[in-house]
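Hello,

Here is the structure I promised to pass on to you. Have a look at it first, and then read my notes below.

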Amino acid sequence: MRVSATAVTTVLLAGVCIGVPAALACWTHRPLVFPSLGPTIYLALTGPTTEPACPRNTLLGHLVSATAGYAALACAGLTRTPPDLTHPDGRRVLAVAIALGLTCAGMAAPWTRHPPGGATTLIVALGLLRTPAQLLDLMAAIALTSALLVVLNRLVGRPYPVWRPFAECT
């Protein structure tokens, strides 16, 4: 089996893109790594010129998702309730349903479509990241990762927009 240079490059870039926020998380003891960061990185490395992968959609999509998740927590009265994935009650069911519905509505605009945001809204609505400080950490990690993706994709010669998809720049 022969491995292509593109595959090796993708593996290395993925390692750097998740390794940097993970190292910062170890150093700062802040939640800078979370499940939806993986698909965000994958999308930008395997489909860098697609609309959902561009930095604008990444940042705005996660912002919409985190906001929707927190709004759903507030509606269900769960902002101060720790997560309990093994015994969800009616309020948690309500929170995840509201969160995903608000996320879908918020991502209806082309400039906010970012599928990994669907995971972010559930991470928040389930209470895994639920405080305003944790949501700021989440967005800081998204911003850092987006910047890394711009720099690294361009460094290896992959076309990747700085903000919006290339098709909108013409």
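**What I found**

Let's start with a single residue: Thr46 is located in helix 2. Please keep in mind throughout that this is a predicted model. Is Thr46 buried, partly exposed or exposed? Its relative accessible area is 42%, and because values between 20% and 50% count as partly exposed, Thr46 is partly exposed. If you look for Thr6, you will see that its C-alpha atom lies 9.6 Å from that of Thr46, although 40 residues separate the two along the chain.

Thr46 also leads us to the first pair of helices. Helix 1 and helix 2 cross at roughly 145°, and their axes come within 10 Å. This crossing is right-handed. On the helix 1 side, the contact is made by Thr10, Leu13, Ala14, Cys17, Ile18 and Pro21, while helix 2 brings in Leu37, Ile41, Leu45 and Thr46. Sorted by class, the contact of helix 1 with helix 2 has eight nonpolar residues, two polar ones and no charged ones.

Two more residues are worth finding in this part of the chain. Val11 sits in helix 1 and is exposed, with a relative accessible area of 58%. The C-alpha atoms of Val11 and Leu135 are 28 Å apart, with these positions 124 residues apart along the chain. His29 belongs to the loop between helix 1 and helix 2, where it has a positive phi of about 60° despite not being a glycine. His29 is exposed too, with a relative accessible area of 69%.

Now for the inside of the model. Some background first: in soluble globular proteins, nonpolar side chains tend to be buried together. Which residues touch the most other members of the largest nonpolar core? They are Cys17, Phe34, Leu138 and Leu149, out of 21 residues in that core. Helix 1 (5–28), helix 2 (37–46) and helix 6 (132–155) are the elements that each give two or more residues to this core. Helix 6 gives the most, with eight residues. Try clicking on Leu149: apart from neighbours within four places in sequence, Leu149 is in contact with Cys17, Ile41, Ala44, Leu45 and Tyr160. Another core, of nine residues, lies apart from the largest one and includes Ala76, Ala95, Val124 and Leu135.

Finally, helix 3 has two partners to look at. Helix 3 (residues 55–75) packs against helix 4 (residues 90–106) at an angle of about 145°, and their axes are 8 Å apart. The crossing of helix 3 and helix 4 is right-handed. Among the residues making this contact are Val64, Ala68 and Leu73 of helix 3, and Ala95, Ile98 and Leu102 of helix 4. In all, the contact of helix 3 with helix 4 has ten nonpolar, four polar and one charged residues.

With helix 5 (residues 117–125), helix 3 makes an angle of about 30°, again with the axes 8 Å apart. Why are helix 3 and helix 5 called roughly parallel? Angles under 35 degrees count as roughly parallel, so helix 3 and helix 5 fit that description. Helix 3 passes helix 5 in a right-handed crossing. Where they meet, you will find His62, Ser65 and Tyr70 among the helix 3 residues, and Gly117, Thr121 and Val124 among those of helix 5. The residues of this contact divide into six nonpolar, seven polar and no charged.

Enjoy exploring!

Definitions and conventions. Residues numbered from 1 in each chain as written. Predicted model: local features only at pLDDT ≥ 70, side-chain atom pairs only at ≥ 80, totals over all residues. Heavy atoms only, no water. Axes fitted to C-alpha atoms, helices over the stretch in contact; angles between N-to-C directions. Helix = DSSP H or I, 4+ residues; strand = E, 2+ residues; numbered from the N terminus. Parallel < 35°, antiparallel > 145°, perpendicular 65-115°, else oblique. Left-handed = near helix turned anticlockwise from the far one by under 90°. Contact = heavy atoms within 4.5 Å. Nonpolar A, V, L, I, M, F, W, Y, C, P; charged D, E, K, R; others polar. Core = buried A, V, L, I, M, F, W, Y, C linked by side-chain atoms within 4.5 Å. Buried < 20%, exposed > 50% of the residue type's maximum accessible area, 1.4 Å probe, protein only.
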